[in-house]
Amino acid sequence: MTKKIAVIKGDGIGPEITEQAIAVLDRVAEKFGHKFEYSYVLMGGCAIDETGEPLPKETVDICLESDSVLLGAVGGPKWDKGEGSKRPEAGLLGIRKALGLFANLRPARLFAPLKDACPLKDEITKDGLDLIIVRELIGGAYFGERTTVTENGITTANDCMTYSDFEIERIARVAFDLAKKRRGKVTSVDKANVLDTSRLWRKIVHEVAKDYPDTTLGDMLVDNTAMQLVHCPSQFDVIVTENLFGDILSDEASMITGSLGMIPSASLGEGSLGLYEPIHGSAPDIAGKDIANPIATILSAAMMLKYSFDMPREAEAIENAVAQVLEEGYRTADIMSAGCKQVSCSKMGRLITEKI
Ligand code: IPM
Ligand code: MN
């Protein structure tokens, strides 16, 4: 198969980690007889420098014409002082919205060789840890009306959290469909004891659940979920939640696997076009030093093969290669532990590529 991939390298460590993911994709193409064609486009800080905009129209157009999008990371201190719409993050939110990517899948699982990196006690993780957060991505407070007004010497800022029934229904379906292929358990996370959006969320999710008799549904308040994630994470299979809650809980979930640098993500819409990115940021402090961990981006490429290109065997080849390299004791600095062999970003990429 021939597939067109738009690549947004982005800022900070973005270029070096995407380079490794592309090397891995090229190896997959060679091994399985596919052709991947890349179009490099600008977004984030580098796009602001080049064009004055975090998300040039050309980038959106090329992404829309592609079969999927691979993204490194955007942002950095250089652009932090800009007003809201001129920050790199606005590019990220803009592309998610422009491509209609309402469902963000963030898996968190404990890789056996990285057990020591997990900050939780052994007894808490003895039953394993393999959950996936399904985060609504283009609604809620991130996309509601935003104002800051000063009146009579008092300045008031307002971010409006809004959800409509159809937005909740479609994300709930993604969660239940995923649960069907996993352990059949959905936990819907909200703050229904306080928020109206959450009460609507809960009502709609329960209506959707009727179409999935083989899956179980539980509701959990977001504050309790934050606690349960460190108290008893093995209880979770699929967690579905709104945008802001999902942003926060997915960082927490990734950290309990011990390694923010290991977690990929997929952002999906109605069609097969998706955007694939590591959940970590652009880490400007280590950019250009060839010490970043490319694994989250490489695993994001694997998710692309699975979800956008329907290539499960190819995706598995990447996942197995990553597991083997870890098994053999190779580590980037962020996941280094005693007795292991520390390698650079490019070396880690090469080791994984060679295993495919
Ligand atoms: C993420 C990031 C983004 C978000 C930021 C950079 C806008 O934290 O992908 O989780 O909040 O969605
Ligand atoms: Mn985040």
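**View 1. The largest pocket lies between two domains of the predicted model.** Domain 1 (1-118 + 259-356) and domain 2 (125-256) both contribute lining residues to the largest pocket, so it lies between them. The volume of the largest pocket is about 480 Å³.

**View 2. Residues at the centre of the largest pocket.** The lining comprises 18 residues, and those nearest the centre of the largest pocket are Pro107, Arg182, Lys306, Tyr307 and Glu319. Two or more lining residues come from each of strand E4 (103-109), strand E5 (130-136), helix H6 (165-181) and helix H10 (295-307). Among these elements, H10 gives the most to the lining, with four residues. In chemical class, twelve residues of this lining are nonpolar and six are charged, while no polar residue takes part.

**View 3. The second largest pocket also receives residues from both domains.** Because domain 1 (1-118 + 259-356) and domain 2 (125-256) both supply residues to its lining, the second largest pocket lies between them. About 410 Å³ of space lies in the second largest pocket.

**View 4. Lining of the second largest pocket.** Leu92, Arg96, Arg106, Asp247 and Ile279 are the closest to the centre of the second largest pocket, out of 21 lining residues. At least two residues of the lining are supplied by each of strand E3 (68-73), helix H4 (88-98), helix H9 (243-256) and strand E12 (274-278). The largest share, four residues, comes from H4. The lining of the second largest pocket divides by class into nine nonpolar, five polar and seven charged residues.

Technical notes. Residues numbered from 1 in each chain as written. Chains lettered and ligands numbered in written order. Predicted model: local features only at pLDDT ≥ 70, side-chain atom pairs only at ≥ 80, totals over all residues. Heavy atoms only, no water. 1 Å grid on protein atoms, 1.4 Å probe; cavity = no way out; pocket = protein on both sides within 12 Å on 5 of 7 lines; lining within 4 Å. Points joined across faces, edges and corners; volume = space filled by probe spheres on them. Nonpolar A, V, L, I, M, F, W, Y, C, P; charged D, E, K, R; others polar. Domains from an automatic or database assignment.
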